[in-house]
Amino acid sequence: MAYIRRGAQKAIVRALQSVGGTASRDDIKSIIAEDDGSGFTHDDVYGTVISRKGNEYIPFNYDFNFAMRELSVIDYIEKSSRGGKVTLTEQGRADSLSDFPNKAQKHAIREYWDHTKALREAKSGSNNANDQTSLYGNDDESTDDAQDVTDTWKTELLASLKKFSPTKFERFSRLLISQMGVKIDAKMGMVVSGDHGIDGFGYFQSDEFRTSRVAIQSKRYSDAPVGEPEIDKFKGVMDGFNAEYGIFITTSYYTDGAKKKAVQGAKSVTLIDGPGIVKLVERYQLHISPVQTFELDDYYFEQD
């Protein structure tokens, strides 16, 4: 089913309230995707489509980034730098969301976008009074309002991972997990897919110098989720390797049944989904290079 554009303000506030009022943008999206009451499914939050120009993008990011600006306008989130933590104001923390956004808030948001549109027209020298796409964007835009540059590289990364061959994705998974502190076994850690049902094996030494045996499984899926049977099968294979815990990594996501199965019993399985992979690649800067840029704020376009 195609993604339907809609407001994400309430879902964002609800997500922040559930974790005490402060979270990163990526964590907010993850909470929304897992929250049955958010109004957005996992596919809504992370699903990609192809624009008319042939670029792959996540439609939800448009609504998310618009909503972040709108929440700032009505003083529900504190002003913060791009990429930093998002924090609810006292007003945002206290609202029960039973009548949100209310009439006054909708009016303030409308006034903000009308002002923003006027500034854009002054900047471009055009007058598109009846062109709503000039204000809210469309699937061919790549402006800050529509999709942050920080979102763009993450979308490209996940799309590229989904195109990896199974063998290359297994190698990537072992590389990523080794960056997390797991020492891959030179022999057992290179088991190919289909042999014994695991894609890697290694050892992790904690700060207390306790060494644990770790089994690794990876699944490169485009859209289908990893279900409970796959986790159950992996747990059975872990016993054959005498592993104390497992790490399951996928480019897709996990069903509720898979999540429950992962923490049942004496041996647990750490689940890493597509967005989780992106976070780890960013944390360890694995085959990526940071880029710094600047943008002009509205001050330079206001007319005296």
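On one side of helix H10, in this predicted model, the residues Pro-229, Lys-233 and Gly-240 are exposed. The buried residues of H10 are Ile-231, Phe-234, Lys-235, Val-237 and Met-238. Seen down the helix axis, these buried residues fall within an arc of 165 degrees, so they line one face of H10. A general point about helices helps here: an α-helix has 3.6 residues a turn, so residues three or four places apart point the same way.

What lies over the buried residues of H10? The cover includes strand S7, strand S8 (245–250), helix H11 (256–262) and strand S9 (269–272). H10 itself runs over residues 228–240, which makes 13 residues. At 1.5 Å a residue the helix should span 18 Å, and its end C-alpha atoms are 19 Å apart, which agrees. After H10 comes Asn-242, with a positive phi near 55 degrees.

Helix H11, part of that cover, contains Lys-261. Is Lys-261 buried or exposed? Its relative accessible area is 16%, and because the cut-off for buried is under 20%, Lys-261 counts as buried. Apart from neighbours within four places in sequence, Lys-261 is in contact with Glu-228, Ile-231, Asp-232 and Lys-235. Of these contacts, Ile-231 and Lys-235 are among the buried residues of H10.

Strand S7, also part of the cover, leads to the paired strands. S7 (residues 211–219) pairs with S6 in the antiparallel sense over 6 bridges. One pair of residues in this arrangement is Phe-201 opposite Ala-215 in S7. S6 and S7 form a hairpin with 5 residues between them. In the turn, Phe-209 has a positive phi of about 65 degrees. S6 (residues 200–205) is also joined to strand S5 (residues 182–184), by 3 bridges, and these two strands run antiparallel. There, Val-182 has Phe-204 of S6 as its bridge partner. In a regular strand the side chains alternate between the two faces of the sheet.

Helix H4 can be set beside H10. H4 (residues 59–73) has 15 residues and reaches 22 Å from its first C-alpha to its last, close to the 21 Å expected at 1.5 Å a residue. How many of the 15 residues of H4 are buried? The number is 13, and H4 is mostly covered. Just after H4, Asp-75 takes a positive phi of about 60 degrees.

Several loops also deserve a look. Asp-35 sits in the loop between helix H2 (25–34) and helix H3 (42–46). Along the chain Asp-35 and Ala-15 are 20 residues apart, and their C-alpha atoms are separated by 8.1 Å. Beyond its neighbours within four places in sequence, Asp-35 is in contact with Arg-14 and Phe-40.

The loop between helix H5 (90–94) and helix H6 (103–124) holds Pro-101. A cis peptide bond joins Phe-100 to Pro-101, with omega at about -10 degrees. Leu-97 lies in the loop between H5 and H6 as well, and its phi is near 70 degrees, a positive value in a residue other than glycine. Most residues other than glycine have a negative phi, and most peptide bonds are trans. Leu-97 is buried, with a relative accessible area of 7%. Another positive phi, near 45 degrees, belongs to Gln-285, in the segment after helix H12 (274–284). At 47% relative accessibility, Gln-285 counts as partly exposed.

Now consider the whole chain. It has 12 helices and 9 strands, and of its 304 residues, 42% count as buried. Among contacts with a separation of 6 or more, 61% come from residues 24 or more positions apart. The chain exposes about 16900 Å², of which carbon and sulfur atoms supply 50%.

How far the model can be read depends on confidence. The mean pLDDT of the chain is 85, and 85% of its residues reach 70 or more. Confidence is highest in helix H1 (residues 9–18), at a mean of 97, and lowest in helix H7 (residues 133–136), at 46. Over residues 129–146 pLDDT stays under 50, and the model has 49 contacts beyond four places in sequence for this stretch. Where pLDDT is low, the predicted coordinates should not be read in detail.

Methods
Residues numbered from 1 in each chain as written. Predicted model: local features only at pLDDT ≥ 70, side-chain atom pairs only at ≥ 80, totals over all residues. Heavy atoms only, no water. pLDDT = per-residue confidence, 0-100. Helix = DSSP H or I, 4+ residues; strand = E, 2+ residues; numbered from the N terminus. Contact = heavy atoms within 4.5 Å. Pairing = 2+ DSSP bridges. Expected span 1.5 Å × (residues − 1). Buried < 20%, exposed > 50% of the residue type's maximum accessible area, 1.4 Å probe, protein only. Arc of directions from axis to C-beta. Areas by Shrake-Rupley, 256 points an atom, 1.4 Å probe, with all protein chains shown as cover.
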